[in-house]
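Q: Please take a close look at one part of this model, namely the place where its helices meet. Which residues are involved there, and how are they exposed, buried and paired?

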Amino acid sequence: MNFEQSIKELEEIVHKLEQGELSLEKALEYFEKGIVLSKFCTTILDDAEQKVNILVKKKDGEITEEPFELKG
């Protein structure tokens, strides 16, 4: 399963849970699966963030690569 498939399945789970027509057991089953999918997607996004680099143009016109860092 990839990121896009996981997000789509997570959206479907949220929709089913929001409808409020599931039994408690089924709702808990969907909730648990949603947590697993959410963690999977978060891991993929965290890994992608670590790989992102910023291209910086210096005063002399040279372009260099620097690691991406969140400021906050």
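A: The account below begins with the whole chain and then turns to the helices and their individual residues.

The model is a predicted one. The protein has 72 residues, of which 12% count as buried. Its secondary structure consists of 2 helices and 2 strands, in the order α-α-β-β along the sequence. Among the contacts with a separation of 6 or more, 35% are between residues 24 or more positions apart. The exposed surface of the protein amounts to about 6300 Å², with 55% of it supplied by carbon and sulfur atoms.

Helix α2 provides a frame for the description. This helix covers residues 24-51, a run of 28 residues. From its first C-alpha to its last it reaches 41 Å, close to the 40 Å expected at 1.5 Å a residue. Its buried residues are Tyr 30, Gly 34, Leu 37 and Cys 41, and helix α1 is included in what covers them. Two of these, Leu 37 and Cys 41, recur in the contacts of Ser 6.

Ser 6 lies in helix α1. This serine counts as buried because its relative accessible area is 0%, where the limit for a buried residue is under 20%. Beyond its neighbours within four places in sequence, Ser 6 is in contact with Met 1, Leu 37, Phe 40 and Cys 41. Its side chain also makes a polar link within the start of the chain, reaching the backbone oxygen of Asn 2 at 2.9 Å.

Gln 5 is likewise found in helix α1. Unlike a buried residue, Gln 5 counts as partly exposed, because its relative accessibility is 46% and thus between the limits of 20% and 50%. The C-alpha atoms of Gln 5 and Leu 37 are separated by 9.8 Å, although the two residues are 32 residues apart along the chain.

Met 1 belongs to the segment before α1, the helix that spans 3-19. At a relative accessible area of 60%, Met 1 is exposed, since that class requires over 50%. Even so, Met 1 takes part in contacts with residues of both helices: leaving aside neighbours within four places in sequence, Met 1 touches Ser 6, Glu 9, Leu 37 and Phe 40. Between the C-alpha atoms of Met 1 and Phe 40 the separation is 9.9 Å, for residues 39 apart along the chain. Leu 37 appears in the contacts of Met 1, in those of Ser 6 and in those of Glu 9.

Glu 9 is placed in helix α1. Residues up to four places away in sequence not being counted, Glu 9 touches Met 1, Lys 33 and Leu 37. With Lys 33 the side chain of Glu 9 meets in a salt bridge, at 2.8 Å from N to O. This pair connects distant parts of the chain, for Glu 9 is in helix α1 and Lys 33 is in helix α2, 24 residues apart. The link between these side chains is also a polar contact of 2.8 Å. Side chains of opposite charge can pair when their charged atoms come close. Lys 33 counts as partly exposed because its relative accessibility is 41%.

The structure holds 2 salt bridges. Besides the pair of Glu 9 and Lys 33, a salt bridge is formed by Lys 26 and Glu 29, with the closest N and O atoms 3.3 Å apart. Lys 26 and Glu 29 are both in helix α2, and because they are 3 residues apart they are separated by about one helical turn. Lys 26 is partly exposed, with a relative accessible area of 32%, and Glu 29 is partly exposed at 45% relative accessibility. The bridge of Lys 26 and Glu 29 therefore stays within helix α2, whereas that of Glu 9 and Lys 33 joins helix α1 to helix α2.

A nonpolar surface patch completes the description. Leu 17, Leu 22, Phe 31 and Ile 35 make up this patch, which covers about 310 Å². Leu 17 is found in helix α1. At 31% relative accessibility Leu 17 counts as partly exposed, and the value suffices for a patch because the threshold is over 30%.

Technical notes:
Residues are numbered from 1 along each chain as its sequence is written. This is a predicted model: local features need pLDDT of at least 70, side-chain atom pairs count only at pLDDT 80 or more; totals for chains, interfaces and linings use all residues. Side-chain values use heavy atoms; hydrogens and water are left out. Helices (H or I, at least four residues) and strands (E, at least two) are DSSP runs, numbered from the N terminus. Buried means under 20% relative accessible area, exposed over 50%, partly exposed in between (1.4 Å probe, protein chains only). Contact means heavy atoms within 4.5 Å. Patches are made of residues with over 30% relative accessible area and no salt bridge: like charges are joined within 9 Å, nonpolar side chains (Val, Leu, Ile, Met, Phe, Trp, Tyr) within 5 Å. Accessible areas come from the Shrake-Rupley method with a 1.4 Å probe; for residues, only the protein chains shown count as cover. A salt bridge is a side-chain nitrogen of Lys or Arg within 4 Å of a carboxyl oxygen of Asp or Glu. The expected span of a helix is 1.5 Å times one less than its number of residues. A polar contact is a pair of N or O atoms within 3.5 Å; within protein, one must be able to donate a hydrogen and the other to accept it, and residues adjacent in sequence count only if both atoms are side-chain atoms.
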